[in-house]
Amino acid sequence: MKFNLWTILFQVINFVILLYILKRILYKPIREIIEKRRGLIAKTVGDAEKTKKEALELKENNQKELNKAKELQGQMLEQSREEALKDRNKLLDEAHKEAAKINEKEKALIDAEKMRIESELKNKTLEMVSVFASNLLKDISDEELHKAIFRKLVKENGKIVSDISKIKEKEEILNIDLVTAYPLPMDDVKTFKETLESQLAKKIKMNTTVDKTLIAGVRIKAYDMIYDSSLAGQINALASQLKETR
Amino acid sequence: MKIFNVFPETIFSIGPVHITDTVITTWLVMALIITLCYSVTRKLSIKPSFFQEVLEAIFEAMEKTIKDILPLDPWLVVPMLGTLWILIGFSNLAGLIPGLKTPTADLNTTCAFALISFSMTHVVGISTQGLKGYLLHYKEPTWILLPFHLIAEITRTVALAVRLFGNMLSGDMIAIILLGIVGLLVPIPFSLLHIIIGLIQAYIFGILTLVFIAGGMRTKS
């Protein structure tokens, strides 16, 4: 056993050569592959965590969206309910109005009908009253009453005279129709005629007719003016006056 | 009795250069290592095959061991330490093959490795802390210990070389002596023991180197 410097040198060189070669074919690729895998694992874990986080976020977002949608739905429901209520109220109002209108119309119709019936009733009543009055007067009137009425007329002929004198008629002869309930004595008629003639300064032609329906009194017609002092005429005047008053 | 010679012999000489069988065996071991490594690392992939998994496990264990001892980036010393481990380990087992001599049973080889370990300690120390910073670690904890530091530098290196050499040579010699005395089968258990001792010695050599490197670090804590 002796020291061999060549051997030592060779072994050192061997070591250096092996170190160089192994660095090329062993350490570098192994280190690369290990680090690559670590990087991949870290990346995968990071990705997984990211994905998880994203999923969580997505879930949260979805939940939020869902809540929002629910809220919106609730709002819409509420809105539609309100609208429906509003519509209902509107419809109800309209219906009420319509009903009121119809009611009014009906009322108006009823009123009109009522009025018509009332007036009819009134007319009937008046008619009946007049008939009754005429019948009554017919029963109680006689020639004396008739004469009294005529005399009153003759006495109060001022109105007739003034009315007739207002009409400027060229004709000399004035036609007067005298309708009487009972036949008048010729003297009375003549006196009346003469009184008128003297007051109007006109010739008067008197046409006397008898009409029992007048009950009592006379009716004078000159031109187109009628002076009715008969009882029937009075009753009719009263009836028409009553008819007008409501 | 030529076959029983456990000591190195010069096989051939080129001028003054004597090539011993130790060197030739080392070349064979290197060729084997390179072939193996090449065949395994040729097709590395993200999804590892069985061999790749084993290889990666070995390297990760190495990385972890270095990280525990050395406060540096493990990959700074992994190539050198790894090569030491691999070369010594394979060399220690080379003697099991009939006709081959264990290269590490030659004191010249172990001296070469010890020298490598020695220089590695200083190179790493200087390159990581600077020359001044590295030299300052010799005065710790006090200047009085400086001579002992220097003596230790030499003795521990010699111890490295002799420890490996002695273990390997003894293994070989025991095998040969037993073979001479009791025949073929009895040395087998000792050969198995020799495998374990070889691997342990390789590990010890690397770990000690690592510890020496770490000792060269001037830790502030």
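**Exercise 1. Count the residue pairs in polar contact across the interface of chain B and chain A, then say which elements of chain B supply that interface.**

Solution. The model is predicted. Across the interface of chain B and chain A, 11 residue pairs are in polar contact, both partners at pLDDT 80 or more. Next, take the elements. On the side of chain B that touches chain A, at least two residues each come from strand 2 (17-20), helix 1 (21-41), helix 2 (50-69), helix 3 (78-94) and helix 4 (107-136). Helix 1 of chain B gives the largest share, 10 residues. Now sort that side by class: 31 residues are nonpolar, 11 are polar and five are charged.

**Exercise 2. Find the salt bridges across the interface, and give one pair with its distance.**

Solution. The rule finds three salt bridges between chain B and chain A. One pair is R38(A) with E60(B), at 3.9 Å from N to O. This counts because the cut-off is 4 Å. The whole structure holds 11 salt bridges over all chains.

**Exercise 3. State the extent of the contact in residues and in buried area.**

Solution. Start with residues: chain B contributes 47 and chain A contributes 30. Then take area. The two chains bury about 3600 Å² between them, and 77% of it lies on carbon and sulfur atoms. In chain B, the residues that lose the most area to chain A are I46(B), W75(B) and N108(B); together they make up 19% of what that side buries.

**Exercise 4. Describe how helix 1 of chain A packs on helix 1 of chain B.**

Solution. Two packed helices are described by the angle between their axes and the distance between the axes. Here the angle is about 0 degrees and the axes lie 10 Å apart, with helix 1 of chain A spanning residues 5-140. The two helices are therefore roughly parallel. Among the residues that meet are F10(A), I17(A) and L22(A) from chain A, and W27(B), M30(B) and Y38(B) from chain B. By class, this helix contact has 16 nonpolar residues, six polar and no charged.

**Exercise 5. Why are R31(A) and E35(A) separated by about one helical turn?**

Solution. Both belong to helix 1 of chain A, and they are about one turn apart because four residues separate them in sequence. Their side chains meet in a salt bridge, 3.3 Å from N to O.

Technical notes. Residues numbered from 1 in each chain as written. Chains lettered and ligands numbered in written order. Predicted model: local features only at pLDDT ≥ 70, side-chain atom pairs only at ≥ 80, totals over all residues. Heavy atoms only, no water. Contact = heavy atoms within 4.5 Å. Buried area = accessible area lost by both parts, 1.4 Å probe. Polar contact = N/O pair within 3.5 Å; in protein donor to acceptor, adjacent residues only side chain to side chain. Nonpolar A, V, L, I, M, F, W, Y, C, P; charged D, E, K, R; others polar. Axes fitted to C-alpha atoms, helices over the stretch in contact; angles between N-to-C directions. Parallel < 35°, antiparallel > 145°, perpendicular 65-115°, else oblique.
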